[in-house]
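Let's take a walk through this model together, beginning at the DNA and then moving on to the protein chains. Keep the 3D view open as you read.

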There are 2 protein chains.
Amino acid sequence: MNEGHEDEGLRERLVRAGVELVALEGAQGLSLREIARRAGVSHGAPRRWFPTHLALLSAVAREGFTALAAELEAAGAPGDDPRARLLALGRAYLDFARERPGMYELMFRHDLLESERPGLRRTSLPLFDELVSLLAVARPGHPSPRVAAGAFWANLHGIAQLRSRGALQLATGTEEAEPLLRAALDAHVPGGSPE
Amino acid sequence: MNEGHEDEGLRERLVRAGVELVALEGAQGLSLREIARRAGVSHGAPRRWFPTHLALLSAVAREGFTALAAELEAAGAPGDDPRARLLALGRAYLDFARERPGMYELMFRHDLLESERPGLRRTSLPLFDELVSLLAVARPGHPSPRVAAGAFWANLHGIAQLRSRGALQLATGTEEAEPLLRAALDAHVPGGSPE
DNA sequence: GGCTGAAGTAGACAGTGTCTACGCTCGCTG
DNA sequence: CAGCGAGCGTAGACACTGTCTACTTCAGCC
């Protein structure tokens, strides 16, 4: 009960070290050997639990996905108005990407998802279904709620991505994502009055 | 005039080797030494023209940005209806991302743009201004065309990103981006009839 | 003709991911 | 209780990477 992580196995310690490191150094600093050092073991030790470096990174990214899912669930819960819930969801998504940029970048590295597909599917599909049902209520006329939800999600993702690249500043003159979020919400879920 | 690249300097040859390599091996295969090998020089030679590996990658990425700009300009030119032009623009953007995934990924690596910012600004700002004016015409009621254009661009970017990560398949059940593009266009530029 | 500076070579260095051989240390079994 | 075997971590090698620093080569110029 010293640090609260006494009875962890090495596997958990490695993943936790990765989560800490990606917050400190960004997605580029997540070398296998650095994670091992931070976990206090030799560079060969991770191989017992993760067959490859990428597998360890995927485990770290999975931690990020569950954290994001938790925040989205928390944000989407209160209130009845689907538009307000979608706004809260979008804010939570963008907040996560801003507050944990290294983790966010790691989560969407293209070469991760190949191996992480099944676990990712399990984590994010319920969330996406929630998004689908929200949009189905908010836009009763739309032919395909799944497509509408995908387009809205893509919009959020694009805003987060462009901001992390500093492209928002270049395009709209400000780093603030909120105006773009409002625009995206107005576009995909029309007919709302400002709260 | 043997290969058509006879009188190139090493700098151009290195950039061209990088463009070819990123198409063949993806963004991960773009090591400094591999580029040098493909250009037929030793691994120390690039240092004369590029102070660092990242600088060389940025030059390769800049090539990608000018190519993308050219395709967007070509796609946006014909026709008068701003909605149709926006659709063509979106298709061109998504086509580029699909046909040159390695280059597209390289272009939006976060650590590139820091050094590439000025050149990127010069290349992409006119294009974005074009997008702004298109949206200003298509959505006369919108309070800020720049924000509207940014949101639309973010939507395109998000669709491309999610598709390259295989997340479209996961969300909407198909890899096709066209339905999402139509949804994004309908959302951001309402009131259009199918062409 | 000798010099200078640019351009490319070659090697060293630290760091990386992966692989293999080697210990240590438990818990089980005879 | 002794011994053993499997699980777990260490240590070192290997090929590869980016960067840095001599060294060579060679065209151009006073």
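**From the DNA to the chain contact**

DNA strand D is surrounded by 16 residues, and the closest are V41(A), S42(A), G44(A), L32(B) and H53(B). Bear in mind that this is a predicted model. If you sort the residues of the surface near DNA strand D by character, you get five nonpolar, seven polar and four charged.

Which elements of chain B should you look for here? Both α2 (32-39) and α3 (53-76) of chain B supply at least two residues each to the surface near DNA strand D. Of this surface, α2(B) gives the largest share, with three residues.

Now turn to chain A as a whole. Chain A has nine helices and zero strands, so from the N terminus on you will read α-α-α-α-α-α-α-α-α. Its C-alpha atoms fill a box of roughly 60 × 35 × 35 Å along the principal axes. Of the 195 residues in chain A, 42% are buried. Among the contacts in chain A with a separation of 6 or more, 60% join residues 24 or more positions apart.

Finally, let's see how the two chains meet. Chain A and chain B each bring 34 residues to their contact. On the side of chain A that touches chain B, two or more residues come from each of α6 (110-138), α7 (145-164), α8 (167-172) and α9 (178-188) of chain A. The largest share belongs to α7(A), with 15 residues. By character, this side of chain A divides into 19 nonpolar, eleven polar and four charged residues.

Definitions and conventions: Residues numbered from 1 in each chain as written. Chains lettered and ligands numbered in written order. Predicted model: local features only at pLDDT ≥ 70, side-chain atom pairs only at ≥ 80, totals over all residues. Helix = DSSP H or I, 4+ residues; strand = E, 2+ residues; numbered from the N terminus. Buried ≥ 20, exposed ≤ 12 C-beta atoms within 10 Å, placed from the backbone. Contact = placed C-beta atoms within 7 Å. Near = placed C-beta within 6 Å. Nonpolar A, V, L, I, M, F, W, Y, C, P; charged D, E, K, R; others polar.
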